[in-house]
Amino acid sequence: MYRTTKSLGGLLRRGGLAIVIALTVSACGGQGGSVVEGPRSAEGLIETEGAPLTPTGTLRMTMAHPLTSWDPLMNTHQISPHLFTEYDSLTVTDEKGEAQPWLATEWARPEMDTWEFKLREDVTFHDGSTFDADAVKANLERARTAPAGPWSYVFAPITEVTAVDPTTVRVTFSEARAGFPYEMSTPAGAMVSPKALADGVDLNSQPAGSGGWIWDESESIEGTKLVYTANPDYWNADAVLVEKVELNVVEDANARVNGVQAGQADIAGFLAPPLIDSAEQARMRVGIKYGLVDNLAILDRNGEMVPAFKEPKVREALALLLDREGYNKAVYGGHGDPGNGFGAPGTWWYNEELADTVTGDVERAKELLAEAGYPAGFEFEVPNIGQRKTANEAIANMLARGGVTMKLVTVTNTEWIQDTARGRFPAALRPTSAVDPWTMWDGNISNHSPYNPFGLTDTADLDEKMAEAASLDERADQKKLVDEVTSEIVARHLVIPTGFSPSAVGYNPNVAATQEPILSPGEPNPRPHYLWLKD
Amino acid sequence: MLRQVLIRTATAIPLLLLVSAAAFFLGTLSRSSPGAIIVGQGATPEQIQEVEQGLGLDRPAWTRFVEWLGMAVRGDLGSSFYSSAPVADSIMQALPVTLSLTVGGLFVAMALGVPAGIFSALRAGKPTDRTVGVLTSFGQAVPSFWLGMILIIVFSLQFPLLPAIGYVPLTESVSEWAMSLLMPSVALGLAAAASIARQTRSSLIGVLQQEYIRTALSKGLSKRRIILKHALKNAASPVVTVIAFQVVHLLSGSVVIERVFNMRGLGTLAIDSAVHYDPYVIQAVVVVSVVMVLVVYLLLDIGYAWLNPKVRAL
């Protein structure tokens with residue numbers, strides 16, 4: 001039988017009305033007064049009393065994306081729950097974005113360009129092969145020579161992998177890589193059975209992991225449903241509390257919430273911000289993390305396409321026109337974080353000094369535009385895709401208050417990537433990682449990132465600082481330099497942060513966890529470890 | 001009649017070729033890059049190019065089309081660029097969902113539309129006829145996705161009687177299959193029911209005004225016998241045409257309904273493959289859709305022949 005839920009009105013409210021309100025608020029360019037929330041765990045989720053002693057029941061999660069390949073190297077964060085039910089990663093990430101032990105028990109940096117990992121001794125892959133330093137070496141060697149994929153940038157700087165002894169592996173890089181332990185918590189760090197690699201198993205169609213659950217092909221339906229059964233020989237038996245895990249692909253956000261409310265699912269991932277309130281009204285427990293920060297990236301700072309962008313005062317004016325609190329309300333229903341900067345609240349590199357930067361000062365923005373020679377404003381184009389439509393419209397409305405016209409040009413998702421990288425647009429709304437500063441910098445903002453189509457040369461000094469930060473051992477020392485860089489990004493208006501986007505997960509009240517579930521910022525659903533069912 | 005079927009089947013071959021060629025070459029106009037999706041946002045243009053070369057996308061479009069055609073003729077529809085899964089497998093998973101939805105929608109449409117049309121025609125001009133007219137207008141005006149959402153709210157969330165999402169295969173459980181199809185079929189079939197009801201009404205009214213009906217009445221035949229034996233069969237031709245058109249509408253309308261009820265049929269496959277530009281999947285969906293439409297029209301022709309001896313003689 002399906003579970004009863006809540007009022008008709010509440011349900012009706014969550015669709016179109018939320019969008020109308022969001023756009024109205026964005027058009028008004030809200031000036032403060034919003035309810036700001038930090039990252040938060042799902043209230044009441046942690047419960048140890050009554051947890052089963054042996055794996056019990058079926059945990060049903062709804063996922064927005066289907067798994068297209070079992071090969072971890074071909075998957076992104078969005079596929080993490082599918083992968084990490086079957087696979088183990090070397091590390092996992094905590095809520096602060098810090099790497100924590102998993103298959104690797106500890107790690108250290110004997111040289112600036114070298115990481116050494118100590119490994120567990122009690123791990124066996126599902127195919128019976130042993131996890132050891134040779135297995136890690138085989139995985140990293142494969143990754144270095146594999147065809148280009150989403151994690152190529154992680155492995156490209158690796159120059160040597162050495163199995164020092166069965167439980168120690170050393171990885172040497174061509175440059176200091178401070179974020180490598182964090183990167184090993186992503187699909188890049190998922191360990192594949194060395195036997196499967198040696199036997200040439202087709203990793204697109206067959207998994208070969210050591211995880212807490214084993215994929216059950218007979219019960220799964222490709223592209224629709226993945227079913228896993230508990231691994232009886234798992235090294236971390238305390239983490240495996242459900243007998244079966246069922247991951248159902250439900251692409252529509254409303255349908256994911258409906259599924260949980262109707263009792264057909266236990267967890268809804270990727271909760272769209274307009275649905276967070278109604279999910280809570282329906283007594284779902286909602287957890288929110290911040291994995292990404294939205295930015296209006298000014299790509300044409302040389303002024304080749306839009307001369308105005310060459311003027312620092314113009315870029316400052318744009319930053320002042322963007323009201324971050326209004327953006328948070330319009331785009332994220334108040335569930336984002338309007339703080340300035342790049343490291344998410346709660347992470348080790350959150351820059352407190354940037355949080356209070358002035359925002360939404362239209363009069364000062366107009367003065368700056370006039371001083372720069374653009375009293376009547378100017379015009380530019382940005383690429384627009386479906387999932388960023390509301391955000392782009394909110395920004396366009398805010399810039400319009402200063403006479404600046406931001407035209408939205410509709411493109412497909414892939415065109416958006418290509419066009420932004422190849423210089424079709426002078427600016428673009430681009431999210432960057434709010435978890436790892438080097439991913440944010442090297443992947444998006446630095447002149448050597450893939451997104452420098454206009455050949456800019458204005459970040460050389462900041463590149464040096466980020467490289468220096470990567471060579472330091474202590475977080476406090478790294479933070480000092482990273483803070484300097486993020487403050488400079490804001491001061492020079494290389495990109496204009498508009499706020500941290502919420503990544504929300506809704507839990508049915510029958511779901512509990514013996515400890516905080518493994519859910520890296522940026523992942524849509526928690527990994528099933530430590531979760532159990534009360535009914 | 002057999003000759004007609006054979007001619008229809010023969011003309012379907014060049015049509016299929018034409019449509020699949022059009023779909024393929026229109027797809028190549030897309031600026032979407034599978035390589036960019038596979039490698040991800042942080043990729044360099046060189047990495048994207050490397051992946052696209054691996055997929056064969058650096059070769060001329062006509063070469064790729066001829067290659068696909070050769071494979072398709074041998075029954076091999078190729079593999080997805082993204083999952084490497086055989087396209088035929090994906091189609092075989094999605095097809096039963098779409099066919100179930102279409103048949104369910106058609107059942108609802110005919111079960112509601114035909115009786116409503118007859119009822120209305122027999123009371124033409126009376127308040128009950130006008131009421132049916134208002135209801136059919138409402139049925140045609142209501143968007144299927146909105147109706148689907150309302151049905152979910154009422155029958156899954158307020159009164160937990162039916163599943164809100166998902167499709168249960170017929171082979172797994174007949175009763176659960178029917179339960180999973182009930183709301184989507186109603187949402188999908190209501191507009192078609194309204195169209196069928198309107199056509200049935202106008203067609204039957206026209207037939208009831210014919211001379212031979214009046215003659216039959218004057219000879220003392222019962223009204224029930226006249227309607228069931230003479231009028232309905234003669235009024236059926238245009239209704240059958242509308243039903244055939246509605247089947248095509250139901251096939252295309254299932255795209256939206258699949259989304260609302262999370263049923264992964266051909267519509268979902270079509271959208272996913274078009275958004276990501278997965279050419280072999282797009283080709284397969286187009287070909288299968290065209291075949292389904294051609295089968296419907298072939299059945300329509302057979303239906304005409306059964307209803308009208310003049311057509312049979314052609």
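Start in chain A and select Gly402(A), which sits in the loop between α14 (389–400) and β14 (405–410). Keep in mind as you go that this is a predicted model. Is Gly402(A) buried or exposed? It is buried, at a relative accessible area of 5%, and the cut-off for that label is under 20%.

Now show what surrounds this glycine. Setting aside neighbours within four places in sequence, Gly402(A) is in contact with Leu321(A), Lys366(A), Leu369(A) and Gly377(A). Add Ala376(A) to the selection too: 26 residues separate Gly402(A) and Ala376(A) in sequence, while their C-alpha atoms are 8.2 Å apart in space.

Next stop, still in chain A: helix α16. Colour it by burial and you'll find it mostly covered, with 7 of its 9 residues buried. Which ones are they? Pick out Pro437(A), Trp438(A), Thr439(A), Met440(A) and Trp441(A), then Asn444(A) and Ile445(A). To see what they pack against, bring up these elements of chain A:

- the helices α5 (152–155), α6 (180–183), α17 (460–470) and α18 (475–492);
- the strands β15 (427–433) and β16 (495–507).

Leave α16(A) on screen and turn on cavities. The structure holds 8 of 30 Å³ or more, and the largest has a volume of about 90 Å³. Its lining is made up of 14 residues, and those closest to the centre are Leu299(A), Arg301(A), Asn444(A), Ile445(A) and Tyr451(A). You have already met Asn444(A) and Ile445(A) among the buried residues of α16(A). Both α16 (437–445) and β12 (285–298) of chain A give at least two residues each to this lining. Colour the lining by residue class and you get 8 nonpolar, 4 polar and 2 charged.

Last, hop over to chain B and select helix α6 (residues 127–141). At 1.5 Å a residue, its 15 residues should span 21 Å, and the C-alpha atoms at its ends are indeed 21 Å apart. Where are its buried residues? Highlight Asp129(B), Val132(B), Thr136(B) and Gly139(B). Look down the axis of α6(B): the buried residues fall within an arc of 80°, so they line one face of the helix. An α-helix has 3.6 residues a turn, so residues three or four places apart point the same way. Show α5 (87–122) and α8 (174–208) of chain B, which are among what covers those buried residues. Then flip to the face turned away from the buried side, where Pro127(B), Arg130(B), Val134(B) and Ala141(B) are exposed.

Notes:
Residues are numbered from 1 along each chain as its sequence is written. Chains are lettered from A and ligands numbered from 1 in the order in which they are written. This is a predicted model: local features need pLDDT of at least 70, side-chain atom pairs count only at pLDDT 80 or more; totals for chains, interfaces and linings use all residues. Side-chain values use heavy atoms; hydrogens and water are left out. Helices (H or I, at least four residues) and strands (E, at least two) are DSSP runs, numbered from the N terminus. The expected span of a helix is 1.5 Å times one less than its number of residues. Buried means under 20% relative accessible area, exposed over 50%, partly exposed in between (1.4 Å probe, protein chains only). The arc is that of the directions from the helix axis to the C-beta atoms. Contact means heavy atoms within 4.5 Å. On a 1 Å grid over the protein atoms alone, a cavity is a set of points where a 1.4 Å probe fits but cannot get out, and a pocket is an open set with protein on both sides within 12 Å along at least five of seven lines; lining residues have an atom within 4 Å of a point. Grid points are joined across faces, edges and corners, and a volume is the space filled by probe spheres set on the points. Ala, Val, Leu, Ile, Met, Phe, Trp, Tyr, Cys and Pro count as nonpolar, Asp, Glu, Lys and Arg as charged, and the others, Gly among them, as polar.
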